[in-house]
Amino acid sequence: MNSAMTFRSALAAFLLSAVSATGAFAQDRIAVLTHAPVAAAEVPADAIVVNIDKMKYDVPELTVQAGDTVYWVNKEVMPHNVAFKKGIVGDGDFRGEMLKKDQAYAITFNEAGDFEYFCTPHPFMRGKVIVE
Amino acid sequence: MAALPRESTPGYLRLLGAGLTCSVLALGAAQAQTGTEPAEDADAAAAAAADGQTHGQRAAAEAAAALAAGEADEPVILKAPAPDTRRVYVQDPAHFAAVTQQYVIDGASGRVLGMTDGGFLPHPLAAEDGSFFAQVSSVWSRIARGDREDYVEVFDSETLRPIADIAIPDDAQRFLVGTYQWMNALTPDNKTLLYYQFSPAPAVGVVDLEEQKFDRLLDVPDCYHIFPASPTVFYMNCRDGSLARVDFAGGETEVTNTEVFHTEEELLINHPAFSLRSGRLVWPTYTGKIFQMDLTEEGVNFRPPFEALTEAERADDWRPGGWQQTAYHRPSDRIYLLVDQRDEWRHKTASRFVVVMNAATGERIDMLELGHEIDSINVSQDAEPLLYGLSSGSRTLHIYDAASGQELRSVDQLGRGPQILMTHDMGA
Ligand SMILES: [Cu+2]
């Protein structure tokens, strides 16, 4: 086992343990498992995924159920993130960490509603999660 | 702008002026720098040029004569002469410094008439009729950190006193960027100021200058720059290669897109020229291909594009380059473009030449050699225009006869990195 694998395994263990302890990063309507991006390889096989490539979110409009977790995976070297304007997921705005190539970021949507998001440095990149 | 109060010089400023016990000679020098009465100034400048005296020498002689004649030294706060087509504003973004300055210069005499202070990357604006000038600016409670405040400031053209200070709300903050001449604009009736917001989403802020208040933020598509065509219609340049027409009359925002007018490989520069009076937009690419559009409230007429540089010149590495690289002279329908021989990716370095073109035919009229490393150009909008060439590196404004390209005069010590040239188009 090389050191990278060790790191990944440890991260996966942390993610699993963190699933029920979302309070630390909870907004009013969403929860993030960890603010740090994770390796794309750690995204569960059955996860709901939005890939980011060629300056676009590949599923610009995604419908999920309340309680679902959405993973965004950056497929290109241009860094991207997921951000919400003020009042969308809480009183303030929310800005996810920047993802490098093959990094992922997960957000759990706790309430029904429409959640429009964008990429902080590329405001022309927009998407929406519809939670039923 | 009748709604903006015009105050007279308050008493405390007069007292401050009177309290300064400067010598006659020093006062003379101060007058040379700021000017006294417009008519006298123009004559004086001509006389100074004729007898070979500098402004400073002439002021010294006048002061010595006044002293010899027993005239008393009575320090006062001066007014700038009334604005004319040859007044030019030089904005100094100062290489991203937290505070900045703008120089108000008489192009005819090459004298600094006054100055205004600004915050971080302020955007300067000038009413075409000369009735006022303004800026959109940003300051922080602790110089470069702490609470941010964006605001619009309107200045009286002669006293240079702020006659309006309009707060921009925190959730409508402006785009902080290297100053692009048309990222903000005044509507042709001078009643509204429009500024751009990049993040969190493309938007245009509407500031009501008549009521002196922030109006609202307009949602716009992924488009940049603002070119007003009427009091309630403006155009923007969009990522998809089209222009957007935005109509914000009656509290609504209606957006429509034109046809795509350029390809992804045709890179339009950040400094197009635009005439608010005629609606002409002149937009070069990195290679010097010139796109022109006539913007009206109703729509856009795209003119056939042409090349500013010949095939031979392009093969020999001639390309546009600098900061404010494009100027348009409305009365003569001429285009001026900064060019030089350069590598493709040195498009922001200074240039030493200006190509002059007939905007109607695309025909080259002249290629002027500037004799200096020039970053920005503009022209006065009078019948015999002055060509302004600004060097950020040497912080000097060079003033040329636009017809012959002959350098007439220059003004130096213009801050730390002056970049933007702005004039009043006062003609009918
Ligand atoms: Cu992005």
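Biologist: How are the donor residues of the copper ion spaced in sequence?

Modeller: The spacing reads H-x38-C-x2-H. Keep in mind that this is a predicted model. The protein donors are A:His80 through ND1, A:Cys119 through SG and A:His122 through ND1, and they lie 2.0 to 2.1 Å from the copper ion. A:His80 sits in the loop between β6 (69-74) and β7 (83-84) of chain A, while A:Cys119 sits in the loop between β10 (113-118) and β11 (126-131) of chain A, so this pair ties together parts that are 39 residues apart in sequence.

Biologist: Are A:His80 and A:Cys119 buried or exposed?

Modeller: Buried means under 20% relative accessible area. A:His80 and A:Cys119 are both buried.

Biologist: Which residues of chain A does the UniProt annotation cover?

Modeller: According to the unreviewed UniProt entry, residues 48-132 of chain A carry the annotation "domain: Blue (type 1) copper". In the model, that span is 48% strand and 0% helix, and its end C-alpha atoms lie 15 Å apart.

Biologist: Now to chain B. How many helices and strands are there in chain B?

Modeller: Chain B has 29 strands and five helices. It has 428 residues, of which 54% count as buried. The chain exposes about 18400 Å², with carbon and sulfur atoms supplying 50% of that area. Look at its contacts too: among those with a separation of 6 or more, 50% come from residues 24 or more positions apart.

Biologist: How should I read a sheet?

Modeller: Start with the general idea: strands of a sheet pair through backbone hydrogen bonds, either parallel or antiparallel. Then follow the order of the strands. One open sheet in chain B has four strands in the order β4-β5-β6-β7, with antiparallel pairing. Its edge strands are β4 (123-126) and β7 (162-168) of chain B, each pairing on one side only. From one strand to the next, the twist averages 25°.

Biologist: Over how many bridges do β5 and β6 of chain B pair?

Modeller: Strand β5 (residues 132-142) and strand β6 (residues 145-156) of chain B pair in the antiparallel sense over 10 bridges. To find your place there, look for B:Trp140, which stands opposite B:Arg148 in β6(B).

Biologist: Which strands stand at the edges of the sheet β3-β2-β1-β29 of chain B?

Modeller: That is an open sheet of four strands with antiparallel pairing. At its edges stand β3 (111-118) and β29 (420-423) of chain B, each with a single partner strand, so one side of each is left without a neighbour in the sheet. Inside the order, β1 (residues 87-92) and β2 (residues 100-106) of chain B pair in the antiparallel sense over six bridges. Here the bridge partner of B:Asp92 is B:Gln101 in β2(B).

Biologist: How do I read the two faces of a strand?

Modeller: In a regular strand the side chains alternate between the two faces of the sheet. Try this with β26(B): B:Leu386, B:Tyr388 and B:Leu390 are on one side, B:Leu387, B:Gly389 and B:Ser391 are on the other, and all are buried. Six of the six residues of this strand (residues 386-391) are buried, so it is largely enclosed by the rest of the structure.

Biologist: Which strands pair with β26(B)?

Modeller: Strand β25 (residues 376-379) of chain B pairs with β26(B) in the antiparallel sense over four bridges, and these two form a hairpin with six residues between them. In this pairing, B:Val379 has B:Leu387 as its bridge partner. Strand β27 (residues 396-401) of chain B also runs antiparallel to β26(B), joined by six bridges. There, B:Tyr388 stands opposite B:Ile399. The hairpin of β26(B) and β27(B) has four residues between the strands, and B:Arg395 takes a positive phi near 55° in it.

Biologist: Where else should I look at the backbone?

Modeller: Visit B:Gln212, which has a positive phi of about 55° although it is not a glycine. This residue is in the loop between β10 and β11 (213-219) of chain B, and B:Gln212 is partly exposed, with a relative accessible area of 26%. B:Gln413 also has a positive phi of about 55° without being a glycine; B:Gln413 is exposed, at 67% relative accessible area. Finally, a cis peptide bond joins B:Ser199 and B:Pro200, with omega about 10°. You will find B:Pro200 in the loop between β9 (192-197) and β10 (203-208) of chain B.

Note on methods. Residues numbered from 1 in each chain as written. Chains lettered and ligands numbered in written order. Predicted model: local features only at pLDDT ≥ 70, side-chain atom pairs only at ≥ 80, totals over all residues. Heavy atoms only, no water. Donors = N, O, S within 2.8 Å, 3.2 Å for Na, K, Ca; no water. Buried < 20%, exposed > 50% of the residue type's maximum accessible area, 1.4 Å probe, protein only. Pairing = 2+ DSSP bridges. Axes fitted to C-alpha atoms, helices over the stretch in contact; angles between N-to-C directions. Contact = heavy atoms within 4.5 Å. Areas by Shrake-Rupley, 256 points an atom, 1.4 Å probe, with all protein chains shown as cover. UniProt positions renumbered as here; feature names shortened; annotations may be inferred.
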